[in-house]
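Subject: Structure for your review

Dear colleague,

Please find below the structure that I am handing over to you. I would be grateful if you could read the notes beneath with the structure open.

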Amino acid sequence: MKIAVFASGGGSNFQQLIDRKASGELSAEIALLVGNNSKATCFERARNANIPALHISPAHFETEDEYLEKLLSALQNAKVELIVLAGYMRKLPDGLITAFRNRIVNIHPALLPAFGGQGMYGMNVHKAVKEFGAKITGITIHFVDEEYDHGAIVAQCSVPVYSEDSAEDIATRVLKCEHANYWRAVDAISRGSITVEDGVVRGSID
Ligand code: GRF
């Protein structure tokens with residue numbers, strides 16, 4: 001299965017996918033990187049791995065329909081069947097979500113529905129976990145629907161939170177958990193081991 005990765009920043013999860021593909025563990029083919037910030041490190045990672053990359057920003061288009069058309073044609077040209085969001089900081093047009101229903105996957109750095117929703121991204125999430133005094137946090141890998149941080153859950157993994165942890169410590173532990181598991185989920189989806197029935201995921205990433 002051909003996949004497109006959408007990223008806005010450093011792209012360490014994107015790099016994991018690249019590395020697992022290089023080692024032969026990931027069966028999906030990374031056909032395209034789409035980014036909205038041309039200076040982001042994810043573009044460098046794509047160049048180094050010879051993965052085609054497109055800079056597509058909603059700011060380049062007058063209407064959302066034009067933006068959607070551009071995304072759809074880029075994905076169609078690359079024969080993409082699954083979109084993998086890896087730190088993508090823009091809300092996707094609803095038309096894209098409709099066209100790729102249950103074929104867009106995202107990773108959130110907490111255990112949804114806790115610590116999710118608008119404004120809950122990056123360090124905001126880990127600061128909120130610390131302030132709340134949660135004893136565990138983790139990652140949620142989920143299909144994307146029209147609501148923020150919502151959609152059928154593919155996998156969740158927890159990590160402990162210790163009282164002496166800073167928000168940065170929590171972020172480091174969570175990111176490590178992301179790196180260990182996101183590529184597995186992408187692999188399971190691309191091999192057809194994960195299906196969605198009535199909004200609930202069947203199958204596991206193991
Ligand atoms: C990760 O923490 C992920 O959970 C969130 O954005 C971050 C992306 O990190 N959606 P990276 O760009 O893959 O390093």
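The notes below describe the ligand site, the pocket and two backbone features.

This is a predicted model, in which local features need pLDDT of at least 70 and side-chain atom pairs count only at pLDDT 80 or more, while totals for chains, interfaces and linings use all residues. Residues are numbered from 1 along each chain as its sequence is written, and side-chain values use heavy atoms, with hydrogens and water left out.

The ligand

The ligand is surrounded by Gly10, Gly11, Ser12, Asn13, Gly87, Ile107, His108, Pro109 and Glu178 (a residue counts if one of its heavy atoms lies within 4 Å of the ligand). By class, this shell has 2 nonpolar, 6 polar and 1 charged residues (Ala, Val, Leu, Ile, Met, Phe, Trp, Tyr, Cys and Pro count as nonpolar, Asp, Glu, Lys and Arg as charged, and the others, Gly among them, as polar).

Three polar contacts (pairs of N or O atoms within 3.5 Å) involve the protein backbone. A backbone N or O atom of Gly11 is 2.8 Å from a ligand oxygen atom, and a polar backbone atom of Asn13 also lies 2.8 Å from an oxygen atom of the ligand. At Ile107, a backbone N or O atom is 2.9 Å from a nitrogen atom of the ligand. Taken alone, the ligand exposes 370 Å², of which the protein buries 77% (areas by the Shrake-Rupley method with a 1.4 Å probe).

The pocket

The ligand takes up space in the largest pocket (more than half of its atoms lie within 2 Å of the pocket's grid points). A pocket is an open set of points on a 1 Å grid over the protein atoms alone, where a 1.4 Å probe fits, with protein on both sides within 12 Å along at least five of seven lines; lining residues have an atom within 4 Å of a point. The volume of the largest pocket is about 940 Å³ (the space filled by probe spheres set on the points). Of its 38 lining residues, Gly87, Tyr88, Met89, Asn106 and Tyr121 are the closest to the centre.

The backbone

Most residues other than glycine have a negative phi, and most peptide bonds are trans. The peptide bond from Leu112 to Pro113, however, is cis, with omega near 10°. Asn50 has a positive phi of about 60°, although it is not a glycine.

Yours sincerely

Conventions
A polar contact is a pair of N or O atoms within 3.5 Å; within protein, one must be able to donate a hydrogen and the other to accept it, and residues adjacent in sequence count only if both atoms are side-chain atoms.
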